[in-house]
Amino acid sequence: MSTRIAFLKGHGTENDFVIVPDPENAVDLSPAAVAALCDRRAGIGGDGVLHVVRSAAHPEAKEMAAEAEWFMDYRNGDGSIAEMCGNGVRVFARYLQHAGHVTEGDLAIATRGGVKTVHLAKDGDVTVGMGRPRLPEGEVTVSVGERSWPARNVNMGNPHAVAFVDDLAHAGDLFSPPPFGPASAYPDGVNVEFVVDRGPRHVAMRVHERGSGETRSCGTGACAVAVAAARRDGADPAATGVPATYTVDVPGGTLVITERPDGEIEMTGPAVIVAEGEIDSEWLETALR
């Protein structure tokens with residue numbers, strides 16, 4: 001390990017990340033190292049780590065290298081691996097622009113959820129092609145205390161349970177994962193969104209992200225919420241032939257989600273780089289003891 005490891009800090013609607021540029025995949029980011037970096041009191045602090053690696057240099061991304069030069073090796077704040085992170089993709093793209101690897105316009109980013117198309121706009125917003133949702137069949141419920149709600153099972157490359165509630169306070173503190181059933185619906189855990197209506201095609205949400213707890217925003221979660229709301233509202237674009245656009249308020253800002261008649265989802269929102277520096281390897285080694 002080198003004496004110093006470069007890092008940056010960025011966020012998308014206040015879903016914040018430690019960014020570790022590592023083109024050749026030379027930095028050993030163990031789960032314990034990721035958790036130490038994301039510790040908000042003893043580390044840098046973040047909801048997760050964006051490990052920036054060239055696709056050709058990572059065993060999980062080599063097959064995508066012809067389509068996308070860069071691989072988002074995303075880790076949750078507890079060190080676990082996640083398939084996708086919508087806000088993370090926007091911040092990842094912003095970092096590539098910040099570092100001079102890409103310019104405004106279109107690019108492709110490899111993720112464990114597949115290759116995602118990204119557009120860096122002149123106004124600073126970033127639009128991500130999030131792919132097509134899957135809606136597994138079967139009834140799902142989520143609970144908080146004595147309350148329980150039916151939830152929509154939506155998979156955006158990672159699993160979500162979307163529950164429409166009367167008040168976002170009903171979600172509780174979201175420190176621990178809300179219980180769900182049946183257990184077979186989500187064998188690897190789930191991101192749980194609690195949603196209220198704010199107006200026509202306008203909702204607000206809180207989320208417990210698997211492996212991170214409550215976060216200020218969740219991009220894939222906002223997409224799942226828009227998909228679930230469109231089905232609830234009878235606005236499924238595949239049935240109507242008309243795109244459905246929802247404004248989704250999250251605690252950290254606002255995202256705009258559009259589902260096209262072909263099933264593709266687009267998410268638009270901000271992405272900001274706020275700082276950069278170096279991680280002291282001595283501190284990191286000490287933190288891992």
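# Lone cysteines, a covered strand and an enclosed helix

The sulfur of C38 lies 11 Å from the closest cysteine sulfur, the one in C85, and that is too far for a bond. In fact, searching the whole structure turns up zero disulfides. Keep in mind that you're looking at a predicted model. Here's a quick tour, starting with the whole protein and then moving to its parts.

**The big picture**

- The protein has five helices and 18 strands.
- Its radius of gyration is 18 Å, and a compact globule with 289 residues would come out near 19 Å, so the two agree.
- Measure along the principal axes and the C-alpha atoms fill a box of roughly 55 × 40 × 30 Å.
- Of the 289 residues, 52% are buried.
- Take the contacts with a separation of 6 or more: 62% of them involve residues 24 or more positions apart.

**The cysteines**

- A disulfide is a covalent bond between the sulfur atoms of two cysteines.
- To count as one here, the two sulfur atoms would have to sit within 2.5 Å, and C38 has its closest cysteine sulfur 11 Å away.
- C218 is in no disulfide either, as its nearest cysteine sulfur, that of C85, is 6.6 Å away.
- Are these two cysteines buried or exposed? C38 counts as buried, at 6% relative accessibility, and C218 is buried too, with a relative accessible area of 2%.

**Strand 2 and its partners**

- Strand 2 covers residues 15-21 and is mostly covered, with six of its seven residues buried.
- On one side of the pairing story is strand 1 (residues 4-12), which runs antiparallel to strand 2 and is joined to it by five bridges.
- One of the residues to look for is K9, whose bridge partner in strand 2 is V18.
- Strands 1 and 2 form a hairpin with two residues between the strands, and T13 in this hairpin takes a positive phi near 45 degrees.
- Strand 2 also pairs with strand 3 (residues 48-54), this time in the parallel sense, over five bridges.
- V18 turns up again here, since V49 is its bridge partner in strand 3.
- How do you get from strand 2 to strand 3? Together with helix 1 (residues 31-38), they make a right-handed β-α-β unit.
- As a rule of thumb for reading strands, the side chains in a regular strand alternate between the two faces of the sheet.

**Helix 2**

- Helix 2 spans residues 86-98, and its 13 residues reach 19 Å from first C-alpha to last, close to the expected 18 Å.
- Why call helix 2 largely enclosed by the rest of the structure? Because eleven of its 13 residues are buried.
- The buried residues of helix 2 include R90 and R94, along with F92, Y95 and L96.
- The run from G86 to V89 is on the buried list as well, and so are V91 and A93.
- Just after the helix comes G100, which takes a positive phi of about 85 degrees.

**Around R198**

- R198 sits in strand 12, which covers residues 191-199.
- Its C-alpha atom is 9.3 Å from that of T247, although the two are 49 residues apart along the chain.
- Which residues does R198 contact, leaving aside its neighbours within four places in sequence? They are L168, V203, A204 and D249.

How values were computed: Residues are numbered from 1 along each chain as its sequence is written. This is a predicted model: local features need pLDDT of at least 70, side-chain atom pairs count only at pLDDT 80 or more; totals for chains, interfaces and linings use all residues. Side-chain values use heavy atoms; hydrogens and water are left out. Buried means under 20% relative accessible area, exposed over 50%, partly exposed in between (1.4 Å probe, protein chains only). Helices (H or I, at least four residues) and strands (E, at least two) are DSSP runs, numbered from the N terminus. The expected span of a helix is 1.5 Å times one less than its number of residues. Two strands pair if DSSP finds at least two bridges between them. A crossover is right-handed if, with the strands pointing away from the viewer, the path from the first strand over the helix to the second runs clockwise. Contact means heavy atoms within 4.5 Å. The radius of gyration is taken over C-alpha atoms; the globule rule is 2.2 Å times the number of residues to the power 0.38.
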